[in-house]
Amino acid sequence: MQTSSTPPPYTEERGQRSLLAARRLRELIVSGGLAPGQRITERLVAEQLEGVSRTPLREAFKILEAEGLVTIEPNRGAVVTTMSVEEVAAAIEVLIGLEALAAEPACQHIQEAQVAAIEELHQAMEQAHAAGDLMEYFRCNQAIHQAIVDAAGNPVLSRIYAAESARIRRYRYAGNRQTERWQRAVHEHAAILDAVRQRAGPLLREILRQHHKSGWSVARTFLQADWETPSAPKKRRR
């Protein structure tokens with residue numbers, strides 16, 4: 001017999017609600033709708049996520065905590081994770097290194113079906129750009145980078161890349177909020193796709209390196225005001 005203290009059994013419907021809540025909160029964090037250091041209150045959730053009960057919400061927080069986007073703090077609950085400029089810069093360097101490791105083996109091992117999948121993502125990304133849908137553009141963009149890393153055939157590399165990429169997703173997204181940078185990023189991705197098609201590993205490695213550095217240069221400037229604002233929530237290191 002189930003008592004009031006027994007958690008309700010897991011159901012597919014509840015799992016879907018948790019995933020939907022995690023996706024919506026993730027979008028709010030990445031887009032800046034929820035600020036670093038901000039506590040995610042039940043009132044805020046009720047305004048943003050109508051019909052989500054506590055249990056799916058707690059599970060959504062766990063998903064986002066695993067991704068590094070949310071920190072569960074004693075007596076405060078879920079708080080949007082804050083990273084310093086040094087932490088983000090270091091993470092960008094790690095991503096550049098991981099993609100550099102993946103570029104040549106990816107071009108050596110990539111299958112036609114994988115190239116076709118990247119082409120489809122690229123087309124969807126261009127369509128999102130034309131429609132001004134930055135969140136969908138960014139989703140396709142991130143999927144392309146992950147697909148290239150996955151094509152190298154190293155599951156450890158793929159896992160580390162996915163985890164580190166998720167952790168700084170908000171900061172990478174910010175660079176594309178500048179219209180000029182967003183337009184350049186689309187052109188850079190066309191060059192990335194051409195290098196993948198040609199199986200040109202060294203060229204792909206260099207294009208990816210410059211792509212990340214250019215994006216971070218703009219994102220860093222764009223976000224500097226947030227980091228330097230005196231009234232901003234106190235920065236917490238992970």
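This is a short talk on the empty spaces in one protein chain and the residues around them.

The model is a predicted one. The chain has 238 residues, and 46% of them are buried. There are 10 helices and 2 strands. In sequence order, three helices come before the two strands, and the remaining helices follow. Among contacts with a separation of 6 or more, 75% join residues 24 or more positions apart. The accessible surface is about 12,500 Å², with 52% of that on carbon and sulfur atoms.

Now the closed spaces. Rolling a probe the size of a water molecule over the atoms shows where empty space is left. How many cavities of 30 Å³ or more does a search of the whole structure find? There are 4. The largest has a volume of about 190 Å³. Its lining takes in 16 residues, and closest to the centre are Arg 172, Arg 181, His 211, His 212 and Gly 215. Helices H6 (134–151), H8 (169–175), H9 (179–198) and H10 (201–228) each give two or more residues to that lining. By class, the lining of the largest cavity is 8 polar, 6 nonpolar and 2 charged.

The second largest cavity comes to about 60 Å³. Around this one are Ile 29, Gly 68, Leu 69, Val 80, Thr 81, Met 83, Arg 167, Arg 170 and Tyr 171. Of these, 5 count as nonpolar, 2 as polar and 2 as charged.

On to the open spaces, the pockets. The largest pocket holds about 330 Å³ of space. It has 15 lining residues, and those nearest its centre are Arg 26, Phe 138, Arg 139, Gln 142 and Arg 169. Which elements give two or more residues to this lining? They are H1 (12–31), H6 and H7 (155–167). H6 gives the most, with 7 residues. So H6 is a helix to look for twice on the screen, as H6 also gives two or more residues to the lining of the largest cavity. The lining of the largest pocket splits into 6 nonpolar, 6 charged and 3 polar residues.

The second largest pocket has a volume of about 220 Å³. Its lining includes Arg 39, Glu 42, Arg 54, Arg 58 and Arg 76, along with Leu 57 and Phe 61. Helix H3 (54–66) and strand S2 (77–80) each supply at least two of the lining residues, and H3 has the largest share, at 4. In classes, that lining has 5 charged, 4 nonpolar and 2 polar residues.

Terms used
Residues are numbered from 1 along each chain as its sequence is written. This is a predicted model: local features need pLDDT of at least 70, side-chain atom pairs count only at pLDDT 80 or more; totals for chains, interfaces and linings use all residues. Side-chain values use heavy atoms; hydrogens and water are left out. Buried means under 20% relative accessible area, exposed over 50%, partly exposed in between (1.4 Å probe, protein chains only). Contact means heavy atoms within 4.5 Å. Accessible areas come from the Shrake-Rupley method with a 1.4 Å probe; for residues, only the protein chains shown count as cover. On a 1 Å grid over the protein atoms alone, a cavity is a set of points where a 1.4 Å probe fits but cannot get out, and a pocket is an open set with protein on both sides within 12 Å along at least five of seven lines; lining residues have an atom within 4 Å of a point. Grid points are joined across faces, edges and corners, and a volume is the space filled by probe spheres set on the points. Ala, Val, Leu, Ile, Met, Phe, Trp, Tyr, Cys and Pro count as nonpolar, Asp, Glu, Lys and Arg as charged, and the others, Gly among them, as polar.
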